[in-house]
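Hi everyone, thanks for making time. I'd like to walk you through a structure that is new to most of you, so have a look at it first.

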Amino acid sequence: MRYKLTFVVGLALGYVLGTRAGRERYEQMKKSAKDLARNPAVRNAAESAAQTGRQVAGKAVHVVGDKMGDRLPSSVTDRVHAMRARSMGNGKVPDDEWGTSNT
């Protein structure tokens, strides 16, 4: 009985100390992540990657529209035309009808 009680007390003590150490480590990692996110070099790299992604997506819209234009359903074709107009920067953005039904 004495060994069982010692084991349970040791288990409880280990759990409490482990969770406290785990929480401290979590807070340390959270602080490091915030510091990294505030770093200007990281922010510039993230914005550059996002801008490159938008440019590649715009080119992909043109390629898909040129190669698949007649074979796509009209709802997709309309969306491709809207994306093309938006990427050309003509200032006019057609209404987006995604999620609406034609009933």
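**A quick tour of the chain**

Okay, so let's start with burial: of the 103 residues in the protein chain, buried residues make up 8%. Keep in mind that this is a predicted model. As for exposed surface, the chain shows about 9100 Å², and carbon and sulfur atoms supply 60% of that.

What is the chain built from, in helices and strands? It has three helices and zero strands. If you read along the sequence, the pattern is α-α-α.

Let's take helix 1, which covers residues 2-38. Down in the early part of the chain, F7, V8 and L11 make a nonpolar surface patch of about 330 Å². L11 belongs to helix 1. Is L11 buried or exposed? L11 is exposed, because its relative accessible area is 56%, and the cut-off for exposed is over 50%.

Now for the charged pairs. How many salt bridges does a search of the whole structure find? The answer is three, and we can go through them one by one.

The R23 and E27 side chains meet in a salt bridge, at 2.9 Å from N to O. Both of these residues sit in helix 1, four residues apart, and that is about one turn of the helix. Here's a bit of background: an α-helix has 3.6 residues a turn, so residues three or four places apart point the same way. E27 itself is partly exposed, with a relative accessible area of 31%.

Next up are K31 and D35, another salt bridge, where the closest N and O atoms are 3.1 Å apart. That spacing should sound familiar: K31 and D35 are both in helix 1, four residues apart, about one turn. How do they sit relative to the surface? K31 is exposed, at 54% relative accessible area, while D35 is partly exposed, at 38%.

The remaining pair is R54 with E47, a salt bridge whose closest N and O atoms are 3.2 Å apart. R54 is exposed, with a relative accessible area of 51%, whereas E47 counts as partly exposed at 45%.

Okay, on to helix 2, which runs over residues 40-68. Helix 2 has 29 residues and reaches 41 Å from its first C-alpha to its last, close to the 42 Å you'd expect at 1.5 Å a residue. Look at the start of helix 2 as well: a side-chain oxygen of N39 comes to within 3.0 Å of the backbone nitrogen of A41.

Which residues are buried in helix 2? They are G58, V61 and G65. Let me stay with V61 for a moment. Why does V61 count as buried? Because its relative accessible area is 15%, and buried means under 20%.

So what does V61 touch, leaving aside its neighbours within four places in sequence? V61 is in contact with V80, M83 and R84. There's also a distance worth pointing out on your screens: V61 and R79 are 18 residues apart in sequence, and their C-alpha atoms are 9.7 Å apart in space.

Let me pull that together. We have a chain of three helices and zero strands, a search that turns up three salt bridges, a nonpolar surface patch made by F7, V8 and L11, and a buried V61 in helix 2. That's my tour, thanks for listening.

Definitions and conventions:
Residues are numbered from 1 along each chain as its sequence is written. This is a predicted model: local features need pLDDT of at least 70, side-chain atom pairs count only at pLDDT 80 or more; totals for chains, interfaces and linings use all residues. Side-chain values use heavy atoms; hydrogens and water are left out. A salt bridge is a side-chain nitrogen of Lys or Arg within 4 Å of a carboxyl oxygen of Asp or Glu. Helices (H or I, at least four residues) and strands (E, at least two) are DSSP runs, numbered from the N terminus. Buried means under 20% relative accessible area, exposed over 50%, partly exposed in between (1.4 Å probe, protein chains only). Patches are made of residues with over 30% relative accessible area and no salt bridge: like charges are joined within 9 Å, nonpolar side chains (Val, Leu, Ile, Met, Phe, Trp, Tyr) within 5 Å. Accessible areas come from the Shrake-Rupley method with a 1.4 Å probe; for residues, only the protein chains shown count as cover. Contact means heavy atoms within 4.5 Å. The expected span of a helix is 1.5 Å times one less than its number of residues. A polar contact is a pair of N or O atoms within 3.5 Å; within protein, one must be able to donate a hydrogen and the other to accept it, and residues adjacent in sequence count only if both atoms are side-chain atoms.
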